[in-house]
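This report covers a few features of the structure shown below. It takes up strand pairing, a helix and its surroundings, and two sets of contacts.

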Amino acid sequence: MASVKSSPADLAAFAGAIAAGEIEVVDLTHTLTPEFPTIVMPPELGQCAPFRMEEVSRYDERGPAWYWNNFSMGEHTGTHFDAPVHWISGKDLPRNSVDTIAPADFIAPAVVIDISRQSAADPDYELTVADIEAWEKEHGRIPPRRWALLRTDWSKRQGRDYVNMRDDGQHSPGPCPEAVRFLVEQRDLHGLGTETIGTDAGQAFHFNPPYPAHYYMHGKGRYGLQCLANLDRLPPVGAVVLAAPLKIRRGSGSPLRVLALVPRAGEAA
Amino acid sequence: MTKPLARPKRKDPLKKTRLPLLPAGMRSRTAHGLTAAAAEGRFQLQVCADCAQVVYPPRDACPRCLSHRLPFRDADNRGTLLAETTIRTSTDVYFRERMPWRIGTVALDAGPSIVAHLHGDLREGERTRLQLKLDKSGQAIVMALPAEDTPDMHDDPQWRELTCDPKYRRVLITDGRTAVGQAMAEALSQAGAAIVFVGIADPWKPFPGEDRLRKIERVETVALDLTDTLSVNECAGEFAPKIDILINTAEHVRAGGIIERKGLTVTREELEIRYFGLTRLAQAFGPVLRARGADGVNSAAAFVNLLSVYALANWPAYGAFSAAEAACLSAAQSLRAELRPGGVKVLNVFFGPLETEWYQTVQPPKVAPSALARATVSALQQGLEDVFVGDVAEDIRARLAVNAKALERELGS
């Protein structure tokens with residue numbers, strides 16, 4: 001990447017391009033609703049709280065001129081960000097929680113790897129190193145500190161099909177352990193973003209190591225984004241992702257609004 | 001012969017829904033001995049501890065020996081109907097709407113004569129058995145039944161006024177994901193409910209028994225998550241006007257005492273599902289139930305709470321769970337007073353450990369979900385307020401009545 005000296009004019013031009021629609025802002029976030037599934041753990045383990053909302057007042061005797069709600073949820077509910085401290089492999093890293101991560105890390109370019117065709121055919125499809133190399137042949141080597149967004153079109157599924165629970169657990173696509181290691185070690189990935197409930201495949205408990213995306217990503221201080229939407233509206237390269245979690249003290253993650261900036265011309269960078 | 005109840009027609013939308021009225025409700029403190037017996041379906045009268053005289057109506061002193069020791073005891077309920085009369089008009093608005101109304105004088109074999117409400121199949125001079133029932137205002141009254149059961153006797157209008165019979169009523173079972181919820185759906189369908197709505201939370205999670213549940217006759221599943229206020233309100237918005245009996249089957253059973261819960265995550269879940277869930281149901285469905293207490297054959301009749309008997313006395317092995325159940329019991333007592341103006345009963349069904357997964361490590365005796373469901377239906381058919389199902393529940397209740405402190409020590413050792 002060539003180093004760029006930025007001036008106030010650059011930022012003004014950037015804002016102007018957004019206002020003019022030359023840079024499109026794509027919302028990668030699901031709406032927070034009580035019905036949106038959360039990750040399923042065996043019932044004897046601790047559970048992630050789903051999104052809930054209680055009306056405080058609605059122009060009524062509880063508050064005559066105003067409407068507002070209290071809400072509650074887990075750090076890993078809805079479209080959310082995973083900090084390195086979320087996983088045991090990242091527990092001792094510096095600046096590993098949402099409140100201490102360098103703010104600049106919340107803005108980073110993204111590449112989009114499309115495995116939607118394979119995932120439609122096989123809900124347990126595992127992204128391989130070969131898939132990544134094939135992608136690079138077409139779009140070039142993945143530069144350092146990129147978000148890799150895994151497009152599976154899973155976000156277009158609803159309810160039961162989205163979670164896809166069977167009596168042997170959840171079935172949804174994700175990366176195989178070697179692919180995660182490759183991305184983290186060989187490509188210095190910024191983080192992995194997925195449309196599914198976790199960054200890992202539904203059956204990743206049975207991988208070695210279990211949950212490799214969590215294990216390797218967070219072990220190297222990198223991030224996760226899950227339950228993303230609209231990845232089909234992003235180009236393979238050229239989008240910039242804004243993903244700033246809530247500043248929760250020692251928080252392991254946070255629901256957030258994820259936005260992608262996409263140059264309307266399409267290919268760029 | 002009782003005329004069998006006809007399935008009610010759909011309501012005429014041009015007709016005003018009649019507001020519930022109550023019969024006169026004042027009773028002396030002593031007379032509430034009858035209320036206590038009626039609430040559980042027992043026939044008890046005062047029996048003088050000094051001269052063994054059976055006393056009715058309730059008094060503070062024995063009419064024979066003036067002793068003040070007049071405890072309520074199980075009594076022989078058999079007698080003979082001496083005289084009957086049919087009331088055809090009344091200045092009381094409650095009875096005026098329900099005319100004609102038969103009452104009569106029964107000579108009990110045990111001694112006293114009692115003025116009782118009469119079942120339609122009972123005639124002057126015949127043998128009878130008496131039952132204590134709770135009327136719409138929650139007070140005990142005496143009902144005289146034929147000595148033997150008669151066909152369709154539960155359909156008698158005077159009887160049905162005192163019960164919460166599910167026949168032709170529309171039921172909501174709040175959680176169909178559990179074995180208890182599914183057994184309840186089966187039992188209510190068999191009891192002749194017109195429709196059994198069964199709430200399903202998290203429809204994206206498959207659950208055991210799902211296919212069977214959906215095949216039960218007259219069962220319709222609806223989206224309902226008791227931990228979600230919006231979901232409960234939405235369900236009530238759509239269905240509350242046609243729910244006559246609400247049965248809350250939501251459960252959250254986890255072992256462990258208060259200290260053993262590491263943090264509040266599980267404690268919060270148990271309160272979310274049980275106490276807050278009950279509160280959400282009461283707020284969303286309560287007002288409509290209360291307004292529909294006199295809405296014809298399928299009037300609103302009952303709000304049913306399934307409660308662990310450890311709501312009455314904490315079992316520290318399931319200590320945090322017991323505390324949540326106690327919160328539900330307390331809420332149910334409030335709800336009882338709040339729903340009474342509508343003539344809607346709150347039935348509390350108490351039970352010990354169940355034959356379900358979360359009581360896996362508990363030794364028998366345990367209550368099968370089907371037995372719990374049958375007991376609930378039976379309690380509704382009798383119009384009870386409190387019922388204790390199974391040996392453990394009855395045992396806890398008996399020990400509590402004798403010595404609450406001893407029970408506390410025993411449960412905690």
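In this predicted model, strand E5 (residues 107-114) and strand E13 (residues 237-243) of chain A pair in the antiparallel sense, with 5 bridges between them. Within this pairing, Ala108(A) has Val241(A) in E13(A) as its bridge partner.

Both strands belong to an open sheet of 9 strands in chain A, ordered E1-E15-E13-E5-E7-E11-E12-E4-E14. The pairing in this sheet is mixed. Its edges are formed by strand E1 (23-27) and strand E14 (253-255) of chain A, each of which pairs on one side only. On average, neighbouring strands of the sheet are turned by 25° against each other, direction ignored.

Helix H6 of chain A spans residues 212-219 and is mostly covered, with 7 of its 8 residues buried. The buried residues of H6(A) are Pro212(A), Ala213(A), His214(A), Tyr215(A), Tyr216(A), Met217(A) and His218(A). Which elements of chain A do the buried residues of H6(A) pack against? They pack against four strands and one helix, namely strand E4 (80-82), strand E10 (174-175), strand E11 (191-194), strand E12 (223-226) and helix H5 (177-186) of chain A. Three of these strands, E4, E11 and E12, also appear in the order of the open sheet of chain A. After H6(A) comes Gly221(A), which has a positive phi, near 75°.

Contacts between the chains come next. Chain A contributes 13 residues and chain B contributes 12 residues. On the side of chain A that touches chain B, strand E2 (52-60) and helix H4 (159-163) of chain A each give two or more residues. The largest share, 4 residues, comes from H4(A).

Within chain B, the domain assignment gives domain 1 (32-157) and domain 2 (170-411). The C-alpha centres of these two domains of chain B lie 31 Å apart. Their contact takes 9 residues from domain 1 of chain B and 9 residues from domain 2 of chain B. On the side of domain 1 of chain B that touches domain 2 of chain B, the elements giving two or more residues are helix H1 (32-40) and strand E7 (127-134) of chain B.

The table lists two of these contact sides by residue class.

| Contact side | Nonpolar | Polar | Charged |
|---|---|---|---|
| Side of chain A that touches chain B | 7 residues | 3 residues | 3 residues |
| Side of domain 1 of chain B that touches domain 2 of chain B | 2 residues | 4 residues | 3 residues |

Technical notes. Residues numbered from 1 in each chain as written. Chains lettered and ligands numbered in written order. Predicted model: local features only at pLDDT ≥ 70, side-chain atom pairs only at ≥ 80, totals over all residues. Buried ≥ 20, exposed ≤ 12 C-beta atoms within 10 Å, placed from the backbone. Contact = placed C-beta atoms within 7 Å. Domains from an automatic or database assignment. Nonpolar A, V, L, I, M, F, W, Y, C, P; charged D, E, K, R; others polar. Pairing = 2+ DSSP bridges. Axes fitted to C-alpha atoms, helices over the stretch in contact; angles between N-to-C directions.
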